[in-house]
Amino acid sequence: MLSKKTKYGIKALSFMAKQPERKPVQTSEIARSENISQKFLESILLELRKSGFLGAKKGKGGGYYLIKEPEDIKMTSVIRVLEGPIAMVPCVSLNYYEKCSDCASEEACSVHALMIQVRDVTLKVLGDNTLADLAIKE
């Protein structure tokens with residue numbers, strides 16, 4: 001299940017992607033528009049800034065803004081920053097692989113085979129969608 005942190009992060013990024021000329025947006029404006037706790041949103045936006053998605057401007061007319069073009073921000077990148085691994089179990093993760101302690105053989109594991117399919121379909125959907133796609137759909 002997608003965490004609220006990730007859901008709110010995607011909503012905030014979509015809101016910013018719709019701003020004309022990528023002008024900075026104050027956290028309070030995003031929070032009000034998207035019905036998100038401002039304090040929680042501030043921590044999410046800070047994480048997105050540290051990860052290279054956002055820039056910040058202080059002072060009058062300040063706020064957060066997108067550094068990259070919305071069409072260059074794939075949902076796989078956003079999910080990995082805010083949520084962590086996309087795979088549902090560590091033994092099928094491409095970036096966070098770990099062998100399962102309860103499994104003698106990945107090849108013989110029925111869960112492993114199923115989760116590879118789930119991972120691949122999920123990666124395709126997230127990889128085929130960018131922030132620009134989400135901003136258009138809303």
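**Stop 1: the largest pocket**

Start with the largest pocket, which holds about 210 Å³ of space. Keep in mind that you are looking at a predicted model. To see the walls, select M1, L2, I79, E83, P85, I86, A87, M88, V118, R119, T122 and L126, the residues that line this pocket. Colour them by class and you get nine nonpolar, one polar and two charged residues. Which helix gives the largest share of the lining? That's α5, with four residues.

**Stop 2: along helix α5**

So let's go to α5 next: select residues 110–128. Put a distance between the C-alpha atoms at its two ends and you should read 28 Å. At 1.5 Å a residue, 19 residues should span 27 Å, so the helix agrees with what is expected.

Now show the side chains of H112, M115, R119, L123, L126 and G127, which are buried. They cover an arc of only 90 degrees around the axis, which means they sit on the same side of α5. If the spacing of those numbers looks familiar, here's the reason: an α-helix has 3.6 residues a turn, so residues three or four places apart point the same way.

Turn the helix around and pick S110, Q117, V121 and K124; on this other side of α5, these residues are exposed. Then turn back and ask what covers the buried residues of α5. Part of the cover is α4, so add residues 75–82 to your selection, because they are included in what covers that buried set.

**Stop 3: the largest cavity**

Stay with R119 and L123 and add R80, I86, A87, S93, L94, N95 and Y96: together they line the largest cavity. Its volume is about 50 Å³. How many cavities of 30 Å³ or more does the structure hold? Just one. Sorted by class, the cavity lining has five nonpolar, two polar and two charged residues. R119, I86 and A87 may ring a bell, since they are also among the residues lining the largest pocket.

**Stop 4: Y8 on helix α1**

Jump to Y8, which lies in helix α1. Is Y8 buried or exposed? With a relative accessible area of 15%, Y8 is buried. Show its contacts and, leaving out residues up to four places away in sequence, you'll find Y8 touching I36, F40 and I44. Add S37 as well: 29 residues separate S37 from Y8 in sequence, yet the two are 9.5 Å apart in space, C-alpha to C-alpha.

**Stop 5: the loop after α1**

Follow the chain out of α1 (4–17) towards α2 (27–34) and stop at E21, in the loop between them. Check its backbone: E21 has a positive phi of about 55 degrees, although it is not a glycine. E21 counts as exposed, because its relative accessibility is 71%.

Now select R22, in the loop between α1 and α2. R22 isn't a glycine either, and has a positive phi of about 50 degrees. With a relative accessible area of 27%, R22 is partly exposed.

**Stop 6: D72**

Finish at D72, in the loop between β2 (63–66) and α4. D72 counts as exposed, at 53% relative accessibility. For a last distance, pick the C-alpha atoms of D72 and K57: these residues are 15 places apart along the chain, and 22 Å separates them.

Definitions and conventions:
Residues are numbered from 1 along each chain as its sequence is written. This is a predicted model: local features need pLDDT of at least 70, side-chain atom pairs count only at pLDDT 80 or more; totals for chains, interfaces and linings use all residues. Side-chain values use heavy atoms; hydrogens and water are left out. On a 1 Å grid over the protein atoms alone, a cavity is a set of points where a 1.4 Å probe fits but cannot get out, and a pocket is an open set with protein on both sides within 12 Å along at least five of seven lines; lining residues have an atom within 4 Å of a point. Grid points are joined across faces, edges and corners, and a volume is the space filled by probe spheres set on the points. Ala, Val, Leu, Ile, Met, Phe, Trp, Tyr, Cys and Pro count as nonpolar, Asp, Glu, Lys and Arg as charged, and the others, Gly among them, as polar. Buried means under 20% relative accessible area, exposed over 50%, partly exposed in between (1.4 Å probe, protein chains only). The expected span of a helix is 1.5 Å times one less than its number of residues. The arc is that of the directions from the helix axis to the C-beta atoms. Contact means heavy atoms within 4.5 Å.
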